[in-house]
Amino acid sequence: MVVGLRECEKVKHTIEELYRLEKRDDVTVQGVVIDVRHGSGIVLRCKTCKRITTDCKCKVHGETETFADLRAKAVLDDGTGAMTIVIGKSAVEKLTGKTLAEIQKKAVERNDKDYAKDMFKEKLIARPLRVRGLVNVSDDFGILMVVREADFFKPKVASDQAQG
């Protein structure tokens, strides 16, 4: 059974706790997006291994056929720490309300290679976000989550809690 984010609210963790968790393959965290990073937007992937390519060259397969994909790399802060999150196409489409095809069309119309990244900044920064996915912790790069599910939420504030 796949558990939706709403059902996972009881199992959320703080970013600070992620360093100590033994099981990091199904983690839910919520916080505020504070940055959208380089590498966000429309990317080209290798048709064979799905790695991001540079100039149609895959690190593994060399010159190769590619396909367009969408991803957002962002920083999520929950007040106890911050981590990098990588949000794939389906979750990005859900959060932005735009499909890859719509984003590609706008980027071409505007002749703006940064259209997608700029739109992600507008839609994501300073917004409360709940994410669920696989977490990697490394000394070199800190905490990184590959997001499987994401949704915006309305945070409870002190006046909400006092009312019940």
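This tour proceeds through a predicted model, from the whole chain to selected residues and their surroundings.

**The whole chain**

Begin with the entire protein chain in cartoon representation. Six helices and eight strands are present. Followed along the sequence, these elements give the pattern α-α-β-β-β-β-β-β-α-α-α-β-β-α. Switch next to a surface view: the accessible surface comes to about 10200 Å², and 48% of this area belongs to carbon and sulfur atoms. Of the 164 residues in the chain, 36% are buried. Among the contacts with a separation of 6 or more, 60% are between residues 24 or more positions apart.

**Strand 5: Ala74**

Select Ala74, which is located in strand 5. Its relative accessibility is 0%, so Ala74 counts as buried. Display the residues around Ala74 within contact distance. Leaving aside residues up to four places away in sequence, Ala74 touches Val33, Asp35, Val36, Arg37, Met83, Thr84 and Ile85. From this group, pick Asp35 and draw a distance to Ala74 between the C-alpha atoms: the two are 5.4 Å apart in space, although 39 residues separate them in sequence.

**Helix 5 and what covers it**

Move to helix 5, residues 115–124. Show the side chains of Tyr115, Ala116, Lys117, Met119, Phe120 and Leu124, which are buried in this helix. Which elements cover them? The cover includes strand 1, strand 2, strand 5, helix 3, helix 4 (100–110) and strand 8. Colouring these elements individually allows each to be located against helix 5. Then step just past the end of helix 5 to Ala126, where phi is positive, at about 70°.

**Helix 3: a buried charge**

One of the covering elements, helix 3, is the next stop. Select Glu93 in helix 3 (residues 89–96). Side chains of opposite charge can pair when their charged atoms come close. Glu93 is buried, yet has no salt bridge. How far away is the nearest side chain of opposite charge? This is Lys89, at 4.3 Å, whereas a salt bridge requires the nitrogen and oxygen to lie within 4 Å. Apart from residues up to four places away in sequence, the contacts of Glu93 are Leu70, Lys98, Thr99 and Leu100.

**Salt bridges across the chain**

Now display the charged side chains throughout the model. The whole structure holds eight salt bridges, and three of the pairs are visited here.

Select Asp26 and Arg148. Their side chains form a salt bridge with an N to O distance of 3.0 Å. The pair links distant parts of the chain, 122 residues apart: Asp26 is in the loop between helix 2 (15–18) and strand 1 (27–36), while Arg148 is in strand 8 (residues 142–152). Asp26 has a relative accessibility of 35% and counts as partly exposed. Arg148 is also partly exposed, at 45%.

Remain at strand 8 and add Glu149 together with Arg132. These two side chains meet in a salt bridge at 2.8 Å, N to O. Because Arg132 lies in strand 7 (residues 128–138) and Glu149 in strand 8, the pair ties together parts 17 residues apart in sequence. Is Arg132 buried or exposed? At 7% relative accessibility, Arg132 counts as buried. Keep both pairs on screen: through salt bridges that share partners, Asp26, Arg132, Arg148 and Glu149 are joined into one network.

For the third pair, select Lys47 and Glu65. The closest N and O atoms of this salt bridge are 3.5 Å apart. Lys47 lies in the loop between strand 2 (41–46) and strand 3 (57–58), and Glu65 in the loop between strand 4 (62–63) and strand 5 (66–77), so the salt bridge ties together parts 18 residues apart in sequence. Lys47 is partly exposed, with a relative accessible area of 47%, whereas Glu65 is exposed at 56%.

**The loop between strand 2 and strand 3**

The tour ends in the loop that holds Lys47. Select Asp55, which lies between strand 2 and strand 3, and inspect the backbone. Asp55 has a positive phi of about 55° although it is not a glycine. This residue is exposed, with 70% relative accessibility. Cys56 is found in the loop between strand 2 and strand 3 as well. Its phi is positive too, at about 60°, and Cys56 is not a glycine. With a relative accessible area of 34%, Cys56 is partly exposed.

How values were computed: Residues numbered from 1 in each chain as written. Predicted model: local features only at pLDDT ≥ 70, side-chain atom pairs only at ≥ 80, totals over all residues. Heavy atoms only, no water. Helix = DSSP H or I, 4+ residues; strand = E, 2+ residues; numbered from the N terminus. Buried < 20%, exposed > 50% of the residue type's maximum accessible area, 1.4 Å probe, protein only. Lys, Arg positive; Asp, Glu negative; His and termini not counted. Contact = heavy atoms within 4.5 Å. Areas by Shrake-Rupley, 256 points an atom, 1.4 Å probe, with all protein chains shown as cover.
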